[in-house]
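This report looks at charged side chains that pair with one another and then at how two helices pack together. Please keep the sequence and the structure in view while reading.

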Amino acid sequence: MPTNARHRIVLILPCCIGDVVLATATLHALRRAYPNSVITWAVGSWSRAVIERHPDLDAVLDTGKSALPVKSIGGFWRFVRRIRAGGFDIAVSLVRSPLMSLAVRLSAVPVRAGLDSGGRGFGYSVRVAVDPIQERHEAEIYLDVTRALGIDTSGCFAYVPVHEDDRLAAQEALGALEIRQPFAVINPAGGENPGMTLGAKRYPPEGLAVIIRGLQARGLKVIMVAGPNDGVLVSAVQGQIKHKFPLPELVGTLSIRQIGALASLSHVYIGNDTGLTHLAAASGARTVMLMGPSSPRRYAPFTENSLALWKPAPVPVQGVVAGAPADWDWQRDGIEPEAALAGILGFIDQGSSGIPALPKALGD
């Protein structure tokens with residue numbers, strides 16, 4: 001199906017930041033297959049900053065604040081009208097929802113390719129079966145939709161370019177903190193987005209303190225970064241460090257894209273299974289994801305210079321949609337701080353990892 005003809009294509013994935021970052025691999029596959037086409041991404045307000053000005057994208061269709069814009073009656077028909085008004089020839093839906101499937105069907109797009117999990121994709125003309133209990137990486141599942149359209153996906157990874165204005169803002173922030181040596185970035189937050197809240201993803205503050213002290217012993221300055229509502233988490237880590245002088249921190253001072261830029265300037269970025277960790281990896285940073293009640297086989301960063309640290313533990317086969325195990329306990333089930341530190345230092349020492357798109361998890 002790939003062609004040099006000028007099509008109008010809409011890629012549909014409103015939420016959330018991590019998913020949108022992973023889907024940039026699908027965007028790249030579409031752009032490579034349809035170089036002369038106009039590609040629009042239907043994305044939510046929460047996540048649109050991630051892909052604005054992306055070189056593979058021509059336009060953004062903001063679907064609003066909701067994780068699923070078709071969930072309400074008014075939102076459903078508004079979405080249908082907007083997609084129909086776009087005059088699209090091809091729709092690529094990465095949403096597992098019968099409501100989205102129906103909305104795309106009613107939008108009168110001739111070619112409608114989308115995920116079909118448990119019959120939810122009945123409205124698509126090209127249905128890509130998804131086994132909800134088969135443990136496959138989300139980015140690969142998304143790429144299956146483009147493969148169903150006959151598109152080559154080799155060499156397609158998550159990628160979010162760092163723009164010069166965001167890089168300058170990150171450099172100014174570093175200057176204000178008087179950071180002049182190699183530095184590591186640690187983000188203790190995550191687990192919250194318009195689609196769900198899963199605070200169990202957050203690595204314990206006392207464990208992060210062990211990692212921070214180990215990085216400092218190797219001569220790295222450590223900066224903590226977080227969003228405007230994450231000050232309590234940052235303070236908890238600061239309390240565990242127990243230094244006379246607290247770690248430098250950037251809490252609520254940088255935009256999402258600027259955090260990606262800061263990560264790209266760092267020696268290593270360390271975070272939980274969260275959208276900003278995926279963004280850091282896709283922005284080109286050497287990235288470590290600390291994983292607990294979610295499997296790296298599904299959710300590790302989809303880049304070639306990242307590492308997922310995980311102690312194999314029973315987690316729901318359906319992925320994060322099923323939540324964390326009710327009795328999840330980081331002390332018992334999570335990777336120990338000393339093991340995590342050893343993995344991080346080994347990753348730093350080896351330089352560019354050369355590991356495959358789905359990194360092998362430590363202990364897996």
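In this predicted model, the side chains of Arg167 and Glu164 form a salt bridge, in which the closest N and O atoms are 3.7 Å apart. Both residues belong to helix 6, which spans residues 164-176, and because they are three residues apart there, about one helical turn separates them. Arg167 has a relative accessible area of 25%, so it counts as partly exposed, and Glu164, with a value of 49%, is partly exposed as well. Elsewhere, salt bridges that share partners join Arg48, Glu52, Arg53, Asp62, Asp165, Asp166 and Arg257 into one network.

A search of the whole structure finds 19 salt bridges, and the table sets out three pairs by their N to O distance.

| Salt bridge | N to O distance |
|---|---|
| Arg167 and Glu164 | 3.7 Å |
| Glu138 and Arg96 | 3.0 Å |
| Arg136 and Asp144 | 2.6 Å |

The salt bridge between Glu138 and Arg96 links distant parts of the chain, since the two residues are 42 residues apart, with Glu138 in helix 5 (residues 138-148) and Arg96 in the loop between strand 4 (90-93) and helix 4 (98-106). Glu138 is buried, because its relative accessible area of 6% falls under the 20% cut-off, whereas Arg96, at 31%, counts as partly exposed.

Which of the two partners, Arg136 or Asp144, is buried, and which is partly exposed? Asp144 is the buried partner, with a relative accessible area of 18%, while Arg136 is partly exposed, with a relative accessible area of 25%.

The report now turns to helix packing. Two packed helices are described by the angle between their axes and by the distance between those axes. Helix 9 (residues 256-265) and helix 10 (residues 275-282) pack at an angle of about 50°, and their axes lie 8 Å apart. Because this angle is neither under 35 degrees nor within the range of 65 to 115 degrees, nor over 145, helix 9 is oblique to helix 10. The crossing of helix 9 and helix 10 is right-handed. On the side of helix 9, the contact is made by Ile256, Ile259, Gly260 and Ala263, and on the side of helix 10 by Leu276, Leu279 and Ala280. Sorted by class, the contact of helix 9 with helix 10 has six nonpolar residues and one polar residue, with no charged residues.

Terms used. Residues are numbered from 1 along each chain as its sequence is written. This is a predicted model: local features need pLDDT of at least 70, side-chain atom pairs count only at pLDDT 80 or more; totals for chains, interfaces and linings use all residues. Side-chain values use heavy atoms; hydrogens and water are left out. Axes are lines fitted to C-alpha atoms, for helices over the stretch in contact, and angles run from 0 to 180 degrees between N-to-C directions. Helices (H or I, at least four residues) and strands (E, at least two) are DSSP runs, numbered from the N terminus. A crossing is left-handed if the near helix is turned anticlockwise from the far one by less than a right angle, and right-handed if clockwise. Contact means heavy atoms within 4.5 Å. Ala, Val, Leu, Ile, Met, Phe, Trp, Tyr, Cys and Pro count as nonpolar, Asp, Glu, Lys and Arg as charged, and the others, Gly among them, as polar. A salt bridge is a side-chain nitrogen of Lys or Arg within 4 Å of a carboxyl oxygen of Asp or Glu. Buried means under 20% relative accessible area, exposed over 50%, partly exposed in between (1.4 Å probe, protein chains only).
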